[in-house]
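Please look at the sequence and the structure displayed below before reading on. The explanation that follows is meant to be read alongside them.

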Amino acid sequence: MFHYVPLALIVIVLLAWCIDWINGFHDTANAIATVVSTGVLPGRIAVMMAAVLNFVGALMGTQVATTIAKGIADTQFVVPAVIVAALLAAIVWDLLTWWFGIPSSTSHTLMGGLAGAVVAHAGFKALHVHKLEEIGAFIVISPLLGFAIASVLIISILWIVRRMSPHKVNFAFKKLQLVSAAGMAFTHGQNDAQKAMGVICLGLITYKFLPGGSAKVVVPLWVKFGCAIMMGLGTATGGWKIIKTLGHRIAKLRPIHGFAAETAAAIVLFTTAHLGIPVSTTHSITGSIMGVGASMNASAVKWGLAGNIFVAWVLTIPVSAGLAALFYKIIAPLFMHPM
């Protein structure tokens with residue numbers, strides 16, 4: 001299809017697929033932690049279900065990809081060295097938080113990385129500050145929405161089933177949780193795979209393989225399939241450290257609680273993906289689990305652990321920005337000559 005593909009563009013595509021793969025195993029817990037912790041599905045089957053639905057979800061929609069490709073900064077300042085530096089920063093932060101079992105946001109590490117590298121290249125004037133403020137606000141808004149929706153859902157459900165026997169309730173919600181976990185896996189793929197698509201489209205715009213003037217990015221089919229496959233493969237490898245954190249350490253859940261948490265997070269993610277707002281699936285499901293736990297009993301939530309997770313969320317964008325700026329300074333000389 002292409003007569004000549006610059007080496008730098010190949011590097012960008014490979015690194016974007018790498019972050020998609022890491023995102024898959026880093027964020028597997030977002031879709032299946034509750035369905036595993038409640039005993040509804042064995043871990044391996046749950047992981048494979050999430051992998052398939054992540055793949056399908058990744059093929060749906062491009063609104064978030066457009067935000068990544070054009071919403072963070074003026075595309076004229078997003079040179080190849082900026083994109084590579086942002087991807088390297090995202091990879092380092094994701095692997096670091098995965099190692100310690102902290103459910104951090106791949107979305108926000110990419111945002112922070114792009115912002116930091118752009119500033120290192122062209123200064124603050126190149127950033128779309130309003131869009132970054134919106135994304136930053138959703139660090140707080142998305143878990144709060146998940147918390148609120150999950151609390152309302154679990155209280156409503158408990159009222160509806162108040163006269164049913166515990167055995168019937170448990171049996172019914174084991175089945176229903178399969179649906180909610182599937183919805184969560186689908187929306188995770190729909191939301192998160194688009195971020196790598198947006199980064200690849202940035203590279204394609206930089207090298208004139210895609211037009212840069214239109215308001216909406218038309219994501220090529222090969223980009224969609226590549227990102228969907230890499231996320232599915234990453235999910236299939238499983239992220240057991242973070243599954244344990246979300247599924248067991250924040251609050252103890254039964255199927256009815258897992259259903260409420262997954263449904264609440266899926267509602268948040270589906271809505272924000274439709275609006276093109278790149279929120280964190282991690283933030284949404286973590287807030288939802290806390291909302292369900294707090295509705296049972298405030299002491300059921302391990303707030304100390306929740307505080308540590310929140311600190312990691314707050315640090316994600318500035319640390320990723322700093323890492324990306326550092327990587328940019330190191331690799332920029334390599335891009336002085338065409339690659």
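The paragraphs below move from the whole chain to single helices, then to helix pairs and a few individual residues.

This is a predicted model, in which local features need pLDDT of at least 70 and side-chain atom pairs count only at pLDDT 80 or more, while totals for chains, interfaces and linings use all residues. Residues are numbered from 1 along each chain as its sequence is written, and side-chain values use heavy atoms, with hydrogens and water left out.

The secondary structure of the protein consists of 13 helices and 0 strands. Here helices (H or I, at least four residues) and strands (E, at least two) are DSSP runs, numbered from the N terminus. Along the sequence the pattern is therefore α-α-α-α-α-α-α-α-α-α-α-α-α. The protein has 339 residues, of which 57% count as buried; buried means under 20% relative accessible area, exposed over 50%, and partly exposed in between, with a 1.4 Å probe and protein chains only. Among the contacts with a separation of 6 or more, 88% come from residues 24 or more positions apart, a contact being heavy atoms within 4.5 Å.

Helix α7 covers residues 129-160. Its 32 residues should span 46 Å at 1.5 Å a residue, and its end C-alpha atoms are indeed 46 Å apart; the expected span is 1.5 Å times one less than the number of residues. Helix α7 nevertheless bends by about 40° at I139, and the proline P143 follows within four residues. The bend at a residue is the angle between axes fitted to the seven residues ending there and the seven starting there. The buried residues of α7 are K131, I135, F138, I139, S142, P143, G146, A150, S151, I154 and I157. As a general background to such lists, an α-helix has 3.6 residues a turn, so residues three or four places apart point the same way.

Helix α8 (residues 166-206) packs with helix α1 (residues 7-26) at an angle of about 170°, their axes lying 9 Å apart. That makes α1 roughly antiparallel to α8. Axes are lines fitted to C-alpha atoms, for helices over the stretch in contact, and angles run from 0 to 180 degrees between N-to-C directions. Angles under 35 degrees count as roughly parallel, over 145 as roughly antiparallel, 65 to 115 as roughly perpendicular and the rest as oblique. The crossing of α1 past α8 is right-handed; a crossing is left-handed if the near helix is turned anticlockwise from the far one by less than a right angle, and right-handed if clockwise. In this pair, L9, I12, V13, A16, W17, I19, D20 and N23 of α1 meet H188, D192, A193, A196, V199, I200, G203 and L204 of α8.

Helix α8 also meets helix α5 (residues 80-99), with axes that come within 10 Å and cross at roughly 165°. These two helices are therefore roughly antiparallel to each other, and α5 passes α8 in a left-handed crossing. The contact is made by P80, I83 and L87 of α5 and by V199, L202, G203 and T206 of α8.

Further along the chain is helix α11 (residues 255-275), whose 21 residues reach 30 Å from the first C-alpha to the last, close to the 30 Å expected. Helix α11 is mostly covered, with 15 of its 21 residues buried. Just after α11, G276 takes a positive phi of about 80°. Helix α12 (residues 281-296) has 16 residues that should span 22 Å, and its end C-alpha atoms are 23 Å apart, which agrees. Because 13 of its 16 residues are buried, α12 is largely enclosed by the rest of the structure.

The axes of α11 and α12 come within 8 Å and cross at roughly 140°. That makes α11 oblique to α12, and their crossing is right-handed. The residues in contact include A260, A264 and V268 of α11 and I285, I289 and V292 of α12.

A few single residues complete the account. K208, in the loop between α8 and α9, has a positive phi of about 65° although it is not a glycine. Most residues other than glycine have a negative phi. K208 is exposed, with a relative accessible area of 71%. L233 lies in helix α9 (residues 221-237) and counts as partly exposed at 47% relative accessibility. L233 and F25 are 208 residues apart in sequence, but 8.2 Å apart in space, C-alpha to C-alpha.
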